[in-house]
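The following exercises concern ring pairs, burial and strand pairing. Each task is followed by a solution in steps.

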Amino acid sequence: MEQSAWPEVAEAVAAAPYPVEVLPADPARASACLAALEITTRSWLGAVVAHTGGLLVDHGWLRVLGSGHGGLPDVPGESDAASGMVVVGYDVMGGQFAWLQPQPGARPTIHYFGPDDLGWLDLEQGYADWLYAVLAGSLTRFYENLRWPGWEAEVAGLALHQGLSVWPPPFTREGKDLSVVSRKAVSLAEAVSFYQDAARQLGS
């Protein structure tokens, strides 16, 4: 029997400095996702896919993808086999985390596409290191410029399939202060698509 990484992940979840909700996995769907990704539960990604429908981290600000639950998609469904991009998480602002090779032959690392700069940032971490840091509290500093007073209650009230539309958007000068912008709940897919389209139009 292979040794699963899930006990390590579960320990990190339990020790997190902010709320982390583990969404239940459907065993059949989880098995199908593992097969599609061609990974095992020895890896942290495999363990998350096998044992969770996803993780809602820090009042649901970050949705770490697993094998899917309700309105939250699964990892294979959000990934692009042709480009080798494996999307592993979304934040409520429409940002996304993807595991990909920065260049041919290089070790895959987690990259972040943010709504404030419309570009991919190489975090120079593998999946396990990234998720461990997230569960150890890295989101507080990582998102310090994308939050506003009272965000916790606002974000916690969103459904799994929802994110926030912000106007003016945070990549504009007028949208930098998120405490004064207009915010409304939209589908998370719509929020992600808006910033991807903006990046293409602006040549980011």
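**Exercise 1. Strand pairing**

In this predicted model, Q96 stands opposite F113 in β6.

Task: Determine how many bridges join β5 to β6, and which direction the pairing takes.

Solution.
1. Strands of a sheet pair through backbone hydrogen bonds, either parallel or antiparallel.
2. Strands β5 and β6 run antiparallel and are joined by five bridges.
3. Both belong to an open sheet of seven strands, ordered β1-β2-β3-β4-β5-β6-β7, with antiparallel pairing.
4. At the edges of this sheet are β1 (20-23) and β7 (120-122), each of which pairs on one side only.
5. From one strand to the next, the twist averages 25°.

**Exercise 2. A residue of strand β6**

Task: Establish whether T109 counts as buried or exposed, and which side chain makes a polar contact with its side chain.

Solution.
1. T109 is located in strand β6 (residues 109-113).
2. Its relative accessibility is 5%; buried means under 20%, so T109 counts as buried.
3. The side chain of D122 makes a polar contact with that of T109, at 2.9 Å.
4. Leaving aside neighbours within four places in sequence, the residues in contact with T109 include W99, D122 and E124.

**Exercise 3. Classifying ring pairs**

Task: Classify the pair F97 and F142, then the pair Y127 and W130, as stacked, edge-to-face or tilted.

Solution.
1. A pair of aromatic rings is described by the distance of the centres and the angle of the planes.
2. Planes under 30 degrees apart count as stacked and over 60 as edge-to-face, the rest being tilted.
3. The count comes to 17 aromatic pairs.
4. For F97 and F142 the centres are 5.9 Å apart and the planes stand at 35°, so this pair is tilted.
5. F97 belongs to strand β5 (residues 96-100) and F142 to helix α4 (residues 127-142), so the pair ties together parts 45 residues apart in sequence.
6. With 1% relative accessibility F97 counts as buried, whereas F142, at 33%, counts as partly exposed.
7. For Y127 and W130 the centres are 5.6 Å apart and the planes stand at 55°, so this pair is also tilted.
8. Y127 and W130 both lie in helix α4, three residues apart, about one turn of the helix, and both are buried.

**Exercise 4. The cluster and a charge**

Task: Identify over the faces of which rings R147 lies.

Solution.
1. Ring pairs link several residues into a cluster, among them W61, F97, Y127, W130, F142 and W151.
2. R147 lies over the face of W61, 4.5 Å from the ring centre.
3. R147 also lies over the face of W151, at 3.9 Å from the ring centre.

Terms used:
Residues are numbered from 1 along each chain as its sequence is written. This is a predicted model: local features need pLDDT of at least 70, side-chain atom pairs count only at pLDDT 80 or more; totals for chains, interfaces and linings use all residues. Side-chain values use heavy atoms; hydrogens and water are left out. Rings of Phe, Tyr and Trp (its six-membered ring) pair if their centres lie within 6.5 Å; planes under 30 degrees apart count as stacked, over 60 as edge-to-face and the rest as tilted. Helices (H or I, at least four residues) and strands (E, at least two) are DSSP runs, numbered from the N terminus. Buried means under 20% relative accessible area, exposed over 50%, partly exposed in between (1.4 Å probe, protein chains only). A charge sits over a ring if NZ of Lys or CZ of Arg is within 6 Å of the ring centre and within 35 degrees of the ring normal. A polar contact is a pair of N or O atoms within 3.5 Å; within protein, one must be able to donate a hydrogen and the other to accept it, and residues adjacent in sequence count only if both atoms are side-chain atoms. Contact means heavy atoms within 4.5 Å. Two strands pair if DSSP finds at least two bridges between them. Axes are lines fitted to C-alpha atoms, for helices over the stretch in contact, and angles run from 0 to 180 degrees between N-to-C directions.
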